[in-house]
Amino acid sequence: MDRLRIATRRSPLALWQSEHAATLLRALVPGLDVELVPMSTRGDEVLDRSLAAIGGKGLFLKELEVAMARGEADCAVHSLKDVPMWLEPGFALPAILARADHADAFVSNRFDAIDALPQGARVGTSSLRRQAQLRARRPDLTLLDLRGNVNTRLAKLDAGDYDAIVLACAGLARLGLEYRIRARLDAPDWLPAPAQGAIAIECRDDNPAVQTLLARLDDRFTRVQVEAERAMNRALHGSCHVPVAAFAQLHEDRLRLSGLVGSASDGQVVRASGEADADAAESLGAEVAARLLGAGAGAFLPG
């Protein structure tokens, strides 16, 4: 193989992630011609409604998958937290890159932490998971929708539309914006989206040459963790319509998974955790999901 075309969204963060993958591939195969194929997706274009209202995070993938199906691209790079729990038939994820910072970031120009916000402060996020955890911690806050790429969201904060916003630490770091982070929101008190901070590369499952090449970038440590998180979410039938959070930690050959399901409307949350051998990521995810359901999480899930 002497040429590889990577389909990518046009946002600055998506382009950074795709160029990062391209750099790794060029180092892996000297002389490989790696070309980015930037595309616009419906998830990027419709910004006046929440993702849950317009069809979910899968809208960030659809056009890229169509490009691969048509032979216009060989693979696509995604934030793994945006990849649906069930891939469309005909596609695979042969590579999950080493995970960056998994935590969320509290970003504000005037306040140092969530607890420092005044009564009724305006906080921007369209993530139901983040809204549920904010409501559980500060039920007095005014939570407002916030869509758009990272720079667009920061500009709205700087314009005074919000007192604070919540973003992913990894996205800010990848764009050289770590200095905007006022506080990290981290486990065990605050849980991220399943697979947050991880980059995945998707390709057609009928192209073994591309799969074999991409698999050389796969990070086993990260894959084990995110497989447990995604398995839990899958067992709960989770999506952007449901406030689900998960974080797995691997210590030697033991894997510990913490999960949360909540309500974005009133801040009720249910938590559960479990531990298993590293080779039992899928079953651990299912086990923690069962514990969440046993603790009442079903009340927050679609019927």
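**Notes on the salt bridges and one strand pair**

1. The structure holds 24 salt bridges. Keep in mind that this is a predicted model. A few of the pairs are picked out below, followed by a strand.

2. Take Arg122 and Asp163: their salt bridge has its closest N and O atoms 3.4 Å apart. It ties together distant parts of the chain, with Arg122 sitting in strand β6 (residues 122-124) and Asp163 in the loop between α6 (150-158) and β8 (164-168), 41 residues apart. The two ends don't match in exposure: Arg122 is partly exposed at 32% relative accessible area, while Asp163 is buried at 9%.

3. Asp186 and Arg184 also meet through their side chains, in a salt bridge of 3.0 Å from N to O. Here Asp186 is partly exposed, at 23% relative accessibility, and Arg184 is partly exposed too, at 42%.

4. In helix α9 (residues 220-235), Glu227 and Arg223 are 4 residues apart, so about one helical turn separates them. They form a salt bridge whose closest N and O atoms lie 3.8 Å apart. Glu227 is partly exposed at 28% relative accessible area; Arg223 has 19% relative accessibility and counts as buried because the cut-off is under 20%. Elsewhere, Arg254, Arg256, Glu275 and Asp277 are joined into one network by salt bridges that share partners.

5. Now the strand. How many residues of β4 (residues 91-96) are buried? The count is 6 of 6, so to speak a mostly covered strand. β4 pairs with strand β10 (residues 199-204) in the antiparallel sense, over 4 bridges. Within that pairing, Ala95 has Ile201 of β10 as its bridge partner.

Notes. Residues numbered from 1 in each chain as written. Predicted model: local features only at pLDDT ≥ 70, side-chain atom pairs only at ≥ 80, totals over all residues. Heavy atoms only, no water. Buried < 20%, exposed > 50% of the residue type's maximum accessible area, 1.4 Å probe, protein only. Helix = DSSP H or I, 4+ residues; strand = E, 2+ residues; numbered from the N terminus. Pairing = 2+ DSSP bridges. Salt bridge = Lys/Arg side-chain N within 4 Å of Asp/Glu carboxyl O.
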